[in-house]
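Visitor: Please take me through one part of this model in close detail. Start from a single residue and build outward.

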Amino acid sequence: MLDDMLDYMAHIRTRPVWQPIPESVRTSLQEPLPSEATELAAVHQTFMQEILPYAVGNAHPGFMGWVHGGGTPVGMLAEMLAAGLNANLGGRDQMPIELERQVVQWVRELFGFPHTASGLFVNGTSMANFIAVLVARTTALGANVRRAGIAASERRLVAYTSASAHNCIAQAMDLSGLGSNALRIIPVTTQHQMDIDALERAIAADRRAGYTPFFIAGTAGTVDVGAVDDLATLADVAEKNALWFHVDGAYGALAMLAPELAPRLSGIERADSIAFDFHKWGQVPYDAGFILVRDSNAHLSTFASPAAYLGRETRGLAAGSPWPCDFGPDLSRGFRALKAWFTIKVYGTEKLGQVIAHTCALAQYMRQCIDNETALELLSPVSLNVVCFRYRCEDAECVNRDIVTAIHESGIAAPSTTTINGQLAIRAAIVNHRTTRQDIDALLRATLEFGQAISSPPLRRTSL
Ligand SMILES: *Cc1c(COP(=O)(O)O)cnc(C)c1O
């Protein structure tokens with residue numbers, strides 16, 4: 001199995017990025033609950049034949065859809081060790097938690113947070129953003145909100161984020177019981193950054209209308225075009241208005257590892273909380289999200305609760321309080337920290353930062369190629385590692401949508417789509433450390449070829 005997976009990674013270039021799942025394969029796993037044993041080797045063969053070839057393909061250098069990390073052999077091996085140890089990191093006195101605490105300390109150091117800040121591995125940034133909203137809510141309303149609920153408060157909390165923010169911010173408001181209507185969506189500038197004047201006007205208008213503003217979520221690396229909000233000015237606005245300043249840095253926050261990119265995130269060190277993923281730009285295998293909170297007491301007072309069966313001691317296995325389960329809703333927790341620790345130790349932050357900077361350089365290369373090709377047009381500024389463009393033609397919406405599907409089915413590359421100023425864009429997010437210029441060239445060549453085939457009259461689908 002180990003050989004198979006190392007071969008998979010070593011020879012990934014020779015495979016299609018993605019391929020359609022044949023109907024026979026899709027149904028091949030269906031069977032009644034098995035009462036009898038099957039040979040391990042046979043189950044392994046099923047994995048190799050029916051599952052491995054039909055994954056999303058984000059380990060492949062041609063994968064540029066959505067925002068997916070590529071993973072590494074080091075991360076894979078660390079996952080094997082973690083699974084073998086089968087550690088549960090909810091709590092108790094154990095070295096795996098000391099290791100997670102070390103990674104928390106590295107994260108504080110990276111973002112210039114004080115030693116007293118708290119941090120926790122979670123599954124992803126969606127969960128990390130949700131935790132941030134809960135901590136900010138409890139801070140705004142007081143810890144009694146945990147018993148009385150928000151309905152018992154006279155104050156109507158409202159939050160702010162930009163139109164380019166990820167939908168999971170609205171979801172966090174929904175899940176927290178505050179409601180997604182209490183999230184004010186602030187328009188963005190032509191650079192896709194939150195419009196600060198509009199933000200200040202919205203805060204003032206809400207105050208006049210009797211609402212209680214409590215939370216601003218800036219974004220470091222928007223999911224559509226990779227824009228970074230003006231975090232320093234957002235920090236000023238939050239400070240002036242005594243609001244919680246959160247940064248959704250799902251993929252972009254780790255740009256801090258690249259000295260040439262870190263200044264773009266200036267102001268992030270003033271955040272009250274930061275959510276980000278090690279599994280995107282950090283190349284750590286899924287899943288490895290993280291929440292960092294400046295005020296660990298606020299964090300603890302949101303989640304810690306006494307339970308007889310979780311009693312703490314000063315010695316023995318029940319020592320070592322506070323435990324990770326005091327900082328979030330999860331009690332049973334896997335050893336996610338190990339694969340992040342291995343990745344950071346084995347590659348070092350310098351190399352990881354170079355990988356991140358390289359994906360941005362590739363995006364600039366791609367932008368230049370698009371500028372030089374009259375059949376293609378750029379649809380948004382290239383700020384970090386995301387390039388949004390389209391094939392120029394009549395009926396561009398349908399044709400570009402079909403180009404992306406055709407590229408997926410060809411196995412050549414895997415971009416995704418988004419809508420920029422009402423126009424459908426082909427979107428390439430270069431996240432994978434394996435991606436090279438050759439992969440960018442292949443994507444652009446395929447776009448031109450399919451674009452011509454799809455838009456030229458003889459092949460034009462009548463349904464268009
Ligand atoms: C990917 C992403 C998220 C969601 O993170 P998950 O790890 O998928 O939960 C949130 N915000 C932004 C900006 C993202 O890029």
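**A leucine and its patch, then a sheet**

Guide: Leu 81 is found in helix α4. Helices here are DSSP runs of H or I with at least four residues, strands are E runs of at least two, and both are numbered from the N terminus. The model is predicted, so local features need pLDDT of at least 70, side-chain atom pairs count only at pLDDT 80 or more, and totals for chains, interfaces and linings use all residues. Residues are numbered from 1 along each chain as its sequence is written, and side-chain values use heavy atoms, without hydrogens or water.

Leu 81 counts as partly exposed because its relative accessibility is 42%; buried means under 20%, exposed over 50%, with a 1.4 Å probe and protein chains only. Leu 81 joins Leu 2, Leu 6, Leu 77 and Met 80 in a nonpolar surface patch. Together they have about 390 Å² of accessible area, by the Shrake-Rupley method. Patch residues have over 30% relative accessible area and no salt bridge, and nonpolar side chains are joined within 5 Å. A salt bridge puts a Lys or Arg side-chain nitrogen within 4 Å of an Asp or Glu carboxyl oxygen. Helices α1 (2-10) and α4 (73-85) each give two or more residues. The most come from α4, with three.

Now the sheet. Four strands form an open, antiparallel sheet in the order β8-β9-β11-β10. Pairing takes at least two DSSP bridges. The edge strands are β8 (376-378) and β10 (416-420). Strands β9 (386-391) and β11 (423-429) pair over four bridges. Val 387 has Ala 428 of β11 as its bridge partner.

Definitions and conventions
Patches are made of residues with over 30% relative accessible area and no salt bridge: like charges are joined within 9 Å, nonpolar side chains (Val, Leu, Ile, Met, Phe, Trp, Tyr) within 5 Å. Accessible areas come from the Shrake-Rupley method with a 1.4 Å probe; for residues, only the protein chains shown count as cover.
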